[in-house]
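New page in the notebook. I want to see what holds the ligand here, and then step back to the whole fold.

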Amino acid sequence: MKSYPVSSDASGLRFAVVVSRFNHLISARLLDGALDELRRRGAADDDVHVAWVPGAYEIPLAARTLAASGRYDAVVTLGVVIRGGTPHFDYVCRAATDGVLEAARVTGVPVTFGVLTCDDVDQALARAPEGEGNKGREVALAAVEMARLAPALEKPPVEEP
Ligand code: INI
């Protein structure tokens, strides 16, 4: 059977990481997890660039601009939205999810989604531990895999060994 090659080797790949400052304590932990994962997978520090934005609502514009720049093989987005007592939560979540999808769709560059949408701070903290289970790590790995897969999909599949 033929298939498209899968790889989690980040060596030689370039990444932008867009991270929002709102709920900074937790988003900084997501960033630490993402940067550590990219490093472990072989990305050079010089090939990983970080863009801080004020809140999750601002993530899509930054992600789209960076994805369209031609400077990156993939873009990672990170943020933390915590439910309050008003519908504001829903609007910010909707803007972030739709906008990140749109950034990938219009540019063709993989943009992975690491915006936590939680009911409370404890739920968010549980998704940002130092090691295993850190969502920043998970979306960074997804970015590596998609950065490898996206160009491979342009060519015919290869015979499995
Ligand atoms: N932004 C977040 O990233 N997380 C939140 O929980 C949040 N809440 O709760 O309001 C939030 N709001 C700010 C928003 O993302 C924009 O930065 C702001 O509206 C300016 O455009």
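I started with one contact in this predicted model: a backbone N or O atom of tyrosine 57 lies 3.1 Å from an oxygen atom of the ligand. Next I checked alanine 56, where a backbone N or O atom comes to 2.8 Å from a ligand oxygen. Then I looked at glutamate 58, and there the contact is made by a polar side-chain atom, 2.4 Å from an oxygen atom of the ligand. How much of the ligand does the protein bury? Taken alone, the ligand exposes 470 Å², and the protein buries 73% of that.

Next entry: the surroundings. I found the ligand sitting in the largest pocket. I listed what surrounds the ligand: Phe22, Asn23, Gly55, Ala56, Tyr57, Glu58, Val80, Val81, Ile82, His88 and Val92. Sorted by class, that shell has seven nonpolar residues, three polar ones and one charged one.

Which element gives the largest share of the shell? I noted β4, with three residues. The strand β4 covers 74–82, and it and the helix α3 (88–107) each supply at least two residues of the shell.

Last entry: the whole protein. I counted five helices and six strands. Reading from the N terminus, I wrote the order down as β-β-α-β-α-β-α-β-α-α-β. Why do I call the protein as compact as a globular protein of its length? Its radius of gyration is 16 Å, close to the 15 Å that the globule rule gives for 161 residues, so the label fits. I also noted the box that the C-alpha atoms fill, roughly 55 × 35 × 30 Å along the principal axes.

Notes
Residues are numbered from 1 along each chain as its sequence is written. This is a predicted model: local features need pLDDT of at least 70, side-chain atom pairs count only at pLDDT 80 or more; totals for chains, interfaces and linings use all residues. Side-chain values use heavy atoms; hydrogens and water are left out. A residue is near a molecule or strand if one of its heavy atoms lies within 4 Å of it. A polar contact is a pair of N or O atoms within 3.5 Å; within protein, one must be able to donate a hydrogen and the other to accept it, and residues adjacent in sequence count only if both atoms are side-chain atoms. Accessible areas come from the Shrake-Rupley method with a 1.4 Å probe; for residues, only the protein chains shown count as cover. On a 1 Å grid over the protein atoms alone, a cavity is a set of points where a 1.4 Å probe fits but cannot get out, and a pocket is an open set with protein on both sides within 12 Å along at least five of seven lines; lining residues have an atom within 4 Å of a point. A molecule sits in a cavity or pocket if more than half of its atoms lie within 2 Å of its grid points. Helices (H or I, at least four residues) and strands (E, at least two) are DSSP runs, numbered from the N terminus. Ala, Val, Leu, Ile, Met, Phe, Trp, Tyr, Cys and Pro count as nonpolar, Asp, Glu, Lys and Arg as charged, and the others, Gly among them, as polar. The radius of gyration is taken over C-alpha atoms; the globule rule is 2.2 Å times the number of residues to the power 0.38.
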